[in-house]
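User: Please take a close look at how the helices of this model pack against one another. I would like a connected account of the packing, followed by any enclosed space and any unusual backbone geometry.

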Amino acid sequence: MQKTYSMDSYFKDLKYMIYFYDVMIKNSNMTKENLFAELEIPYMSYIRAKEDNTNAGRNVIVKLNNYFNIKDLDYSRQKEYEKTLNEIIYRFYYRGENIIEFEPILLEYINENNYLKPLFSLLLLLIKLVRINSPRIVMEENIDIYNEVKQYKGSYFTSPFKEIFTIVEIFFSNNKFVEFDREMDIEENMKGILYNVYCTNAYLSKRYDLCLYYAKECKEYLIKDNNYNRISLVNLTYFACLNMIGEYNKCFTESKKQLIYLKQTNQAKDLIYTTEIHYYTACIGLRDYNEVIDSILPKKEIDEIEYEFLLIASIHNKKDYIEVIERYKSDQSKFSNIQNEYINLIIGYLSKKDRSLYKERLNQSKINIGLKDILLRYY
């Protein structure tokens, strides 16, 4: 298959080597003037290498490579590097399985210690983002790599690396709102994934208007790319946003359609479950309590979050509420202390006793944010 993403610029233009050494020199203990004097490098040859691929510029690179112990670029490796690059982006974008299998390959490239090292470190960060670990753990484990890579932000990164860096940078923003970079010339085939991360960032930073806009833009590009797996995931953020702004009817309608699709096509259970959570939240928001009860109560196994929905839905019918309470008591031993704490927190809040105390504890809890919002607003 013909490659989509190229590294031609890094193999043809000396200026990217100069951008690389701008960072290396900045991190050294020497000024450019002193270093160039020691290595007998004409300053203008260094500057002109950003504009022309001259022999003088190549001589500058040879001297800098030797001084900083950076290996010469093996030009015969371009096709191999590009093949790996394309496979990683395809696997990441289309949510393919086992992307982490590229880690040893990237580590091998990094250890080659040529001037492309920051690019391979960036790709390594990208594949680490899809690990099962919590975002906090991923950030803590990889903060040193990120701090190293971000020094090259700017001229050194060309497409698709500049877009990949934006993805990584937003991830490491720690839920702080990140403005859309209107100055960046985004490649058409990277817009779907970029709008995806901007959408998630807007939701986490409570910019729900932008979240809905980014979700709409994102899905248009995903449809063009036939990327239906990622559409289902983007919809999870979209559904959560709709519930947070009180658009329960829209969330109910669209999450129900996704549930039917997911179930009929035997999609992953965790994706079905998360879609159900947004669907049940919309049902509670619409006061469609019977739908929640009829959907959850017949299950052989009911988990902690499903009990939270059942309690809220059944409080309006004494008989149903007693049935839910009794079933929970029989299942209570199956749950962890924190799970039981959250369930009993909702029971306490619904009892309307010590309301201010329970309200404060609810605000501090990690109970589903959409459900928590409904509880505090309407109950």
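Analyst: Helix axes are lines fitted to C-alpha atoms over the stretch in contact, and the angle between two helices runs from 0 to 180 degrees between their N-to-C directions. Two packed helices are described by the angle between their axes and the distance between the axes. The model is predicted.

The pair formed by α13 and α15 may be taken at the outset. Helix α13 covers residues 228-244 and helix α15 covers residues 269-285; their axes lie 10 Å apart and enclose an angle of about 20 degrees. Angles under 35 degrees count as roughly parallel, and α13 and α15 are therefore roughly parallel to each other. Their crossing is left-handed. On the side of α13, the contact is made by Ser232, Leu233, Leu236, Phe239, Ala240 and Asn243, and these meet Leu271, Thr274, Thr275, His278, Thr281 and Ala282 of α15. Sorted by class, the contact of α13 with α15 has six nonpolar and six polar residues, with no charged residues.

Helix α13 also packs against α11 (191-204). The angle between α11 and α13 is about 25 degrees, and the distance between their axes is 10 Å. That angle makes α11 roughly parallel to α13, and α11 passes α13 in a left-handed crossing. From α11, the residues Ile193, Asn196, Cys199, Thr200 and Tyr203 meet Arg230, Val234, Thr237, Ala240, Cys241 and Met244 of α13. This contact of α11 with α13 has seven nonpolar, three polar and one charged residues. Ala240 takes part in the contact with α11 and in the contact with α15.

A further pair consists of helix α7 (residues 103-111) and helix α8 (residues 117-128), which pack at an angle of about 160 degrees with their axes 9 Å apart. Because of this angle, α7 is roughly antiparallel to α8. The crossing of α7 and α8 is left-handed. In α7 the contact is made by Glu103, Leu106, Leu107, Tyr109 and Ile110, and in α8 by Lys117, Phe120, Ser121, Leu123, Leu124, Ile127 and Lys128. The contact of α7 with α8 divides into eight nonpolar, one polar and three charged residues.

Enclosed space comes next. A search of the whole structure finds one cavity of 30 Å³ or more, and about 50 Å³ of space lies in the largest cavity. The lining of this cavity is formed by Tyr5, Ile89, Phe92, Tyr93, Leu126, Ile164, Ile167, Met190 and Ile193. Helices α6 (78-93) and α10 (161-171) each supply at least two of the lining residues, and α6 gives the most, with three residues. By class, the lining has nine nonpolar, no polar and no charged residues. Ile193 lines the cavity and is also one of the α11 residues that meet α13.

Two points of backbone geometry remain. Most residues other than glycine have a negative phi, and most peptide bonds are trans. A cis peptide bond joins serine 159 and proline 160, with omega at about 10 degrees; proline 160 is placed in the loop between α9 (135-149) and α10. Asparagine 175, a residue other than glycine, has a positive phi near 70 degrees, and its place is in the loop between α10 and α11.

How values were computed:
Residues are numbered from 1 along each chain as its sequence is written. This is a predicted model: local features need pLDDT of at least 70, side-chain atom pairs count only at pLDDT 80 or more; totals for chains, interfaces and linings use all residues. Side-chain values use heavy atoms; hydrogens and water are left out. On a 1 Å grid over the protein atoms alone, a cavity is a set of points where a 1.4 Å probe fits but cannot get out, and a pocket is an open set with protein on both sides within 12 Å along at least five of seven lines; lining residues have an atom within 4 Å of a point. Grid points are joined across faces, edges and corners, and a volume is the space filled by probe spheres set on the points. Helices (H or I, at least four residues) and strands (E, at least two) are DSSP runs, numbered from the N terminus. Ala, Val, Leu, Ile, Met, Phe, Trp, Tyr, Cys and Pro count as nonpolar, Asp, Glu, Lys and Arg as charged, and the others, Gly among them, as polar. Angles under 35 degrees count as roughly parallel, over 145 as roughly antiparallel, 65 to 115 as roughly perpendicular and the rest as oblique. A crossing is left-handed if the near helix is turned anticlockwise from the far one by less than a right angle, and right-handed if clockwise. Contact means heavy atoms within 4.5 Å.
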